[in-house]
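Open the model in your viewer and keep the sequence panel visible. The tour goes from one selection to the next.

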Amino acid sequence: MKTKPVVAALLLLAPLTACGSAQAGDGATVTVTVGYQSKTINTVTAGTLLRSLGYFEKELNSLHDGHTYKVDWQDYATGAPITAQMTAGKIDIGSMGDFPLLINAARGKQLGKPTHLVSVTGYNLHGGLNTIVTSPDSKLASLKDLRGKKVSTSVGSAADGTLVRALQRAGIDPDKGVEKLNQQPAVGASALSAGSTDALSQFVAWPGLLTYQGKAKALYDGAELDLPTFHGVTAREDFADKRPAVLEAFLKAQAQATDYLDDHPVAAAESVAKATGLPAEVVYLYNGDHGIATFDPAVKPQLISALKQDVSVLKAAKLTGDIDVDFFVDDQYVKKALGAGYAKRLATAPAAAASEVWPKGASETQSFTTPAELLKYVSAHKAGIRAAYVPDATTGTLWFADKAVWVADGDQLLPFVAPETARAYVLAHGGARVVTYADALERAS
């Protein structure tokens, strides 16, 4: 009779050795739980693409440490639920943007469940991963036009940080000068289409997606701030301490996925598109050979410096207090995982801006030295173009050629993401003027 409670207790405890986070996995099977954001395509080397390639599972199988490993991939729309699950001990490794990473650090420290930034996924040294867009028929032409308007964003995200800083530079109080709507990206996109918000400030890949679909146009290119923005990988401290070899296996796999993306950008874009439902043309805008994002797991000093500057924005919004960024950043695991190759990655710079055409049916894109050369090619092959991309003449941010604002300056044809930067160029260059895309094509042909 007395054995029944013991048996019941054992039955309740038994599953804990086979499922849940790796913290519980001292038995034959260890489950590693990875939180990622499939549609935040700046994190694909630690999420969507990595999962499809199976590199992490292969690295785990090669450990030969007496355990059988299982990976539980959990997909989320934003970083906030990943942080909540991490501090609850239910997610071991997660990926998210720079502002959510800081909140991750703050919550972990506050709850006695510290986390650490262990690698970087995709970054842009100028801030081009975040964009403010309006509806296609909007009369808004500059940031100053947002005064008194409704703007949708996700408070605490990198896109919100871009909005706050951009408004401040335009002389608008980000708290009182606009009516900020705190919405998830998909909700904000619907609000923009419905006309219930005047503008949307969001992170990759929402601005590019809505623009590609003809549901939005760019108002402000985040790269105008000239402040780095990035996404990265965070891990629970207790998990890293207990399973360092597993974390190193993840980081080795991430590096392999990064190399695959760099070597096969079109195939990688197609793979991510298939997994997410996003158009491959949009994925390539950000993750392509000369895309807005550069992928590299190395924890670069300029990114950490930017992270420290971001703290003040979160503090002003009363989302966090002080954050010890130096404590949060821990690159020991990625250094060990990548060995001698880490220094080379650390010194690697983003690829130079270039214009690209993705021909229909092609497995590779074609690059052009100037936007005018691209336009000439497009004009001669109109029926055979899947997508055409050009870098902003001021910021270098890649954009769809047919969605860019074009300026004719003598023999030059110059593209811009947003109308305000195009006008600034025109004002500074006598004789230059804004032209339509059709006119630009005709001039180049």
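**Stop 1: a loop residue**

Select Ile172. This residue is buried, at 2% relative accessible area; buried means under 20%, exposed over 50%, and partly exposed in between, with a 1.4 Å probe and protein chains only. Ile172 sits in the loop between α6 (158-169) and β7 (179-182). Helices (H or I, at least four residues) and strands (E, at least two) are DSSP runs, numbered from the N terminus.

Before moving on, note what is on screen: this is a predicted model, where local features need pLDDT of at least 70, side-chain atom pairs count only at pLDDT 80 or more, and totals for chains, interfaces and linings use all residues. Residues are numbered from 1 along each chain as its sequence is written, and side-chain values use heavy atoms, with hydrogens and water left out.

Which residues are in contact with Ile172, leaving aside its neighbours within four places in sequence? Show Leu143, Lys144, Arg147, Leu167, Gly177 and Val178. Contact means heavy atoms within 4.5 Å. Now pick the C-alpha atoms of Ile172 and Arg147: they are separated by 6.7 Å, though the two residues are 25 apart along the chain.

**Stop 2: the whole chain**

Zoom out. The chain holds 19 helices and 18 strands. Its C-alpha trace spans about 90 × 50 × 40 Å along the principal axes. A compact globule of 445 residues would have a radius of gyration near 22 Å; the chain has 23 Å, which agrees. That radius is taken over C-alpha atoms, and the globule rule is 2.2 Å times the number of residues to the power 0.38.

Colour by burial: 56% of the 445 residues count as buried. Of the contacts in the chain with a separation of 6 or more, 74% are between residues 24 or more positions apart. Switch on the surface. The accessible area is about 18,300 Å², and 53% of it belongs to carbon and sulfur atoms. Areas come from the Shrake-Rupley method with a 1.4 Å probe; for residues, only the protein chains shown count as cover.

**Stop 3: the six-stranded sheet**

Select β2, β1, β3, β10, β4 and β11. In that order these 6 strands form an open sheet with mixed pairing. Two strands pair if DSSP finds at least two bridges between them. Look at the edges: β2 (68-75) and β11 (294-295) each have a single partner strand, so one side of each is left without a neighbour in the sheet.

Move inside the sheet to β3 (residues 93-97) and β10 (residues 229-236). They pair in the antiparallel sense over 5 bridges. Label Gly94; its bridge partner in β10 is Thr234.

**Stop 4: a hairpin**

Go to β16 (residues 405-409) and β17. The two strands run antiparallel, joined by 5 bridges. Ala408 has Leu413 as its bridge partner in β17. The hairpin has 2 residues between its strands, and Gly410 takes a positive phi near 65° there. Strand β17 (residues 412-416) is mostly covered, with 4 of its 5 residues buried.

**Stop 5: helix α11**

Select residues 265-276. At 1.5 Å a residue, these 12 residues of α11 should span 16 Å, and the end C-alpha atoms are indeed 16 Å apart. The expected span is 1.5 Å times one less than the number of residues.

Which residues of α11 are buried? They are Pro265, Val266, Ala268, Ala269, Val272, Ala273 and Thr276. Look down the axis: the buried residues of α11 fall within an arc of 160°, so they line one face of the helix. The arc is that of the directions from the helix axis to the C-beta atoms. An α-helix has 3.6 residues a turn, so residues three or four places apart point the same way.

Add the cover over the buried residues of α11, which includes α2 (48-53), α10 (244-263), α12 (280-287) and β12 (355-359). Then rotate to the face turned away from the buried side, which carries the exposed residues Lys274 and Ala275. After α11 comes Gly277, with a positive phi near 85°.

**Stop 6: backbone details in loops**

Find Ala205, in the loop between β8 (199-203) and α8 (206-212). The peptide bond from Val204 to Ala205 is cis, with omega near 10°.

Next, Asp226, in the loop between β9 (217-221) and β10. Asp226 is not a glycine, yet has a positive phi of about 55°. Its relative accessible area is 47%, partly exposed.

Finish at Lys318, in the loop between α13 (301-316) and α14 (325-328). Lys318 is another residue other than glycine with a positive phi, near 60°. Is Lys318 buried or exposed? Lys318 counts as exposed, at 74% relative accessibility.
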